[in-house]
Amino acid sequence: MEYMLKMSSINVQEILLYEDEIEEYEIIKKIISTHHQEDAFYTFDLGVIIKKHQDWIKKMPRVVPYYAIKCNTYPMVIKILAAMNANFDCASKQEIQQVMQLNISPDRIIFANPTKYPSHIKFAKCVGVEKMTVDSKCELYKIKKLFPEAKIVIRFRCDGISTVAKYVKLGIKFGCEPGDEAKELIQLTKDLGLILYGFSFHVGSPCVEFNAYVRGIEICKELISFAKSIECNHIKLIDIGGGFPGERDFQIDEISHIINDAIKEIDPTIEIISEPGRYYVTSAFTLASVVHSKKTISVGNNLKQMYYVSCGVYSGFMEELLKLNSRHPIPLFNPVSDKEYYSTVWGPTCDSYDCIVKDVLLPEFQIGDWFVWNNMGAYAASRSCQFNGFSPLIVHPFIRKSQWEDFCIIMNRFIND
């Protein structure tokens, strides 16, 4: 290879390099045949992260992305985004530590958890992470006592409108009301002598009503006007939150022009940031799992198939347990018969809640058959645990040859800086 990575923080030997023409399912087959394994695993297409970031910068150049690392904490994701000058949304001391281990400067981090442990606030002060989100009077008093130099970002509630089952309405937990309550927090920030740095909102995740961002931005403009009316004249930040979809068929063009129009009249001295998570990683990760056991049961006059696979709700499918998603398996190899049966796919643990999909029509499969699950990068591995002794899934990162040169240049520039 003409371009080689010089950085020790990326183990080049872990990265599989493939021709552009090879399909991802063929890559999965190669991994299975090479490792002769029965454990489920992820594939990670590094090129997806690179392209997603390039598209974001091109289509929304004024909106600075702060990657929400809670969405997927796989170190190589964070390293690639750090190398491409993305910033980071952290929610805890541990997440801040993970990012700063890469020599990321503290000004590239926002401590975006509105309810923070006192010890985590002290830690943020020690390492210089100044931007932090607040949505209550108690949090302001806490910060006044522990970190009075912090840059306060007041978060208000701005929910999107959605009837989609998998939509997470974050406003039920975080965000003050955008009217009188927000103004009271602005006044209290001033009275306490704290630095009112900006305003933020989160429309929920994943957002399907893109005009919610417009409503949030308009509220930010109103709150900035109110802050100026009481002589808080140093607003430097608007944070439009996350919630951007990341599935394979989503294009950032679907939302970029809406946000660009909404922010075009905002004072250019005010920085506009966002907290995308699933946008970057959802389609970059694919999960493969094997049928390790099978049972056929009679239900009346019909047969029902029960498949037991090497992953479950505790190893990637937590959203299925929470009724936030409903993925169906894609067979990696052709089934022995096209005849379909009502089928249930179970995870490997002894918990009866460990069910990925229930009572769906599927062709018949045998022990040793593999299922593929797409769009598995967001809130899957980061929510996994080792319940019943099953280990976290291994990740196999890969990249196409046409993207290898760009990847090496990006990463080498990062380590040299």
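**Figure 1. F88 and its surroundings in a predicted model.** This is a predicted model, and the view is centred on F88. Skip the neighbours within four places in sequence, and F88 is still in contact with Y66, Y67, I69, I78, L81, A82, V99, I104, R108, I109 and I110. F88 also turns up among the residues with the most contacts inside the largest nonpolar core, along with F44, Y67, I80, F199 and I259. Y67 therefore appears twice here: as a contact of F88 and as one of those best-connected core residues.

**Figure 2. The nonpolar cores.** The largest nonpolar core has 119 residues. Its largest share comes from helix α8 (residues 211-229), which puts in eight residues. There is also a second, separate core of 13 residues, with Y18, I22, I28 and I32 among them.

**Figure 3. T133 in strand β6.** Zoom in on strand β6, residues 131-134, and you'll find T133 there. Buried or exposed? T133 is buried: its relative accessible area is 1%, and the cut-off for buried is under 20%. Not counting residues up to four places away in sequence, T133 touches I110, F111, A112, N113, P114, K116, V153, R155 and S200. I110 is worth picking out in this view, since T133 touches I110 and F88 is in contact with I110 as well.

**Figure 4. I154 in strand β7.** Here the focus moves to strand β7 (residues 151-157), where I154 lies. I154 is buried, and its relative accessible area comes out at 0%. What is I154 in contact with, leaving aside its neighbours within four places in sequence? The list runs V134, C176, L185, I186, T189, L196, G198, F199 and S200. Two of those names come up elsewhere: F199 is listed among the core residues with the most contacts, and S200 is touched by T133. For a distance label, take I154 and I238: they sit 84 residues apart in sequence, and their C-alpha atoms are 9.7 Å apart in space.

**Figure 5. P397 in strand β17.** P397 has its place in strand β17, residues 394-400. With 1% relative accessibility, P397 counts as buried. Set aside residues up to four places away in sequence, and P397 touches E14, I15, L16, F44, L46, Y74 and M76. F44 is another name from the list of core residues with the most contacts. How far apart are the C-alpha atoms of P397 and S337? They are separated by 33 Å, with the two positions 60 residues apart along the chain.

**Figure 6. Backbone oddities to check by eye.** Start with the cis peptide bond that joins S205 and P206, where omega is about -10 degrees. P206 is found in the loop between β8 (195-202) and α8. Next comes E231, a residue other than glycine with a positive phi, near 70 degrees. E231 sits in the loop between α8 and β9 (237-239) and is exposed, at 63% relative accessible area. D359 is not a glycine either, and its phi is positive at about 55 degrees. The place of D359 is in strand β15, residues 355-363, and this residue is partly exposed, with a relative accessible area of 36%.

**Figure 7. Y379 in a loop.** The loop between β16 (370-373) and β17 holds Y379. Y379 is buried at a relative accessible area of 15%; that follows because the cut-off is under 20%. Beyond residues up to four places away in sequence, Y379 touches K70, C71, R278 and E319. R400 makes a handy distance partner: Y379 and R400 are 21 residues apart in sequence and 25 Å apart in space, C-alpha to C-alpha.

**Figure 8. Zooming back out to the protein chain.** To place the close-ups, the protein chain has 12 helices and 17 strands. Its radius of gyration is 23 Å, close to the 22 Å that the globule rule gives for 417 residues, so the chain is as compact as a globular protein of that length. The C-alpha trace spans about 75 × 60 × 40 Å along its principal axes. Of the 417 residues, 56% count as buried. Among contacts between residues at least 6 apart in sequence, 73% join residues at least 24 apart. The chain exposes about 18800 Å², with carbon and sulfur atoms supplying 51% of it. As for charges, the mean positions of the 46 positive and 51 negative ones are 5 Å apart.

Conventions
Residues are numbered from 1 along each chain as its sequence is written. This is a predicted model: local features need pLDDT of at least 70, side-chain atom pairs count only at pLDDT 80 or more; totals for chains, interfaces and linings use all residues. Side-chain values use heavy atoms; hydrogens and water are left out. Helices (H or I, at least four residues) and strands (E, at least two) are DSSP runs, numbered from the N terminus. The radius of gyration is taken over C-alpha atoms; the globule rule is 2.2 Å times the number of residues to the power 0.38. Buried means under 20% relative accessible area, exposed over 50%, partly exposed in between (1.4 Å probe, protein chains only). Contact means heavy atoms within 4.5 Å. Accessible areas come from the Shrake-Rupley method with a 1.4 Å probe; for residues, only the protein chains shown count as cover. Lys and Arg count as positive and Asp and Glu as negative; His and the chain ends are not counted. The place of a charge is taken as NZ of Lys, CZ of Arg, CG of Asp or CD of Glu. A nonpolar core is a set of buried Ala, Val, Leu, Ile, Met, Phe, Trp, Tyr and Cys residues joined through side-chain atoms within 4.5 Å.
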